[in-house]
Amino acid sequence: MLKVFLVEDESIVREGLKKNIPWQEYGYQFTGEASDGEMALPMIRKIRPDVLITDIKMPFMDGLALSQIVTQEIPEIKIVIISGYDEFEYAQQAIRVGVEQYLLKPITKGTLRKVLLEIREKIESEQEQKNYLETFQNEMKEYENYARRSFLEKVFSGVFSVQQIYEEAAKISLNLDGPCYNLILLNLQVKRQNPEYIMQEPEGMSEVREALFRFFLRFPQYLIFQWNVSLYGVLIKGETEQMEALKEQCIHNIEKICSQQEISLEWCVAVGNPVERLSLLPECYAKVNHILAHRFFNPQRHILTEKDVEELLPGKDLKSFASVDSAKVNPDIIQGFLREGKQAEIKDFVDGYLAGVKEALESRLFRDYLLLNIRFTTINYMQIFGVCQQDFLPEDDDRKVHDASASGDNIDVYMLELLERALTLRDRESENQGKRALKKGLKYIEENFSDESLSLNSVAGAIGVSGNYFSSIFSQEMQMTFIEFVTKKRMEKAKKLLIQTQLHSNEIAGKVGYKDPHYFSFVFKKTVGCTPREYRNGK
């Protein structure tokens, strides 16, 4: 029921309205009364009624002054002015304040009934529209995340000028104001041996992802985003003196959330250094990426900073082949990079790997071992994709290995070429896997988009991949999100039915996946720009 509050200085009129109007029959609950605006205001603030009925002329605070204060504090409230004065000036003032109705005394029961029912219908309609808007916005959050990622890609790559950053941020309602910035990258993935497992994920992954977003979305100083299937970022913005505390809070909560699922998940955080200009974010991003590329050298270390990277590069004091730590040339390091590394990380990885054994490279025996270790590890990994040695290695590979081992000068060049070739083939196969999954998903959507229960997770489940994986490949390939695509298909079908049939819009709503015909009309107008009826009539 809607709450109504009455303010009237004439006690006879007030009692008459209170007792003679069947409030509940009209859908209202009588929640309070007062004899003037001054007495009414604190009560209204506490009760927060849906409808205020007030006289215009009262001692201490009149109805217009009361209405002006109340509409500022409770914008959604509906106000009915009752007055014994039929003066145009009062009516004008009431309109300016935002009063819903202006009634002249004496007020009949029938007149007030008509007004109350009209106001109730209007409130219910507004609430319905508000609910529809909230539903629509919740559905479109996936689009907002995609728009945010696309925007940040351009920011971090240095495509935008500072002016463009602010202009584009405003378009997606993103507040980037802050005297200081920092960036933290989180690599979060399933523990696995075979690359095809990227299409699946344990329940713990979704729980961790939801917990991360739930925490960081509570604070305006943090801007969390998902970069790809396994990479997440947190852009920190705030006062210079706050940055250290904000960074520590960010790291602490990532560690707390991710540690709960360490049995099934691998995670590593790379921490950047603060910058005081938006134009320096590309430099900050490049440094954090450089730091993240060193996660393969010590998988047990979850938090990496620039200082940690220096410590992770042993070899400064190595004097001979015999003093090399065998863990630093473990084939698992190469395998880990082949599984999870990215093209942009290859040079940082090679530099870090060789820096760890720099002094030992003086030994020809060690150079032979190192090159063959890298070569055979890579060959074995490529066999997972069905790529044999002859198809993977160039014809002159034996000569390159021999020359690099003999001179010791081109080991880095050999590693770069080998890893670039391997990651290119891996990414091509991964892309093919994604395209095959996307093709199945699009076919399933085409056959089921009129099903109201259709969702990203239901499609992903039907084709045997995780929702996170399907969301990532969908937005990457289609340049729009799943919900955008489905909504677009539903609206296209609805437009055809409106033009080609005489079906009522309620029937059309059901045929394109909307159980609630009113919500269908809301989405249609929001996306097409007019109501279904207007579209059918050619407007």
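This is a quick walk through the strands and helices of one structure.

Okay, so first off, keep in mind that what you're looking at is a predicted model. Let's start with the sheet. We've got five strands here, and going across, the order is β2-β1-β3-β4-β5. The sheet is open, and the pairing is parallel. Who sits at the edges? That would be β2, residues 28-34, and β5, residues 101-104, each of them pairing on one side only. As for twist, neighbouring strands in this sheet are turned by 20 degrees against each other on average, ignoring direction.

Now let's go to the β2 edge. β1 pairs with β2 through six bridges, in the parallel sense. If you want a spot to click on, try Val 4, which stands opposite Phe 30 in β2. And how do you get from one strand to the other? Helix α1, residues 11-20, comes in here: together with β1 and β2 it makes a β-α-β unit, and that unit is right-handed.

Over at the other edge, β4, which covers residues 78-83, is joined to β5 by four bridges, again running parallel. There, Ile 82 has Leu 103 in β5 as its bridge partner.

Okay, on to the other helices. Which strands does α2 lie across? Helix α2, residues 37-47, lies across β1 (2-7), β2 and β3 (51-55). Its direction is at about 170 degrees to β1. Then there's helix α3, residues 63-73, and that one lies across β1, β3 and β4. For α3 the angle is about 160 degrees, taken against β3.

That's my tour, happy to rotate the model if anyone wants.

How values were computed: Residues are numbered from 1 along each chain as its sequence is written. This is a predicted model: local features need pLDDT of at least 70, side-chain atom pairs count only at pLDDT 80 or more; totals for chains, interfaces and linings use all residues. Side-chain values use heavy atoms; hydrogens and water are left out. Two strands pair if DSSP finds at least two bridges between them. Helices (H or I, at least four residues) and strands (E, at least two) are DSSP runs, numbered from the N terminus. Axes are lines fitted to C-alpha atoms, for helices over the stretch in contact, and angles run from 0 to 180 degrees between N-to-C directions. Contact means heavy atoms within 4.5 Å. A crossover is right-handed if, with the strands pointing away from the viewer, the path from the first strand over the helix to the second runs clockwise.
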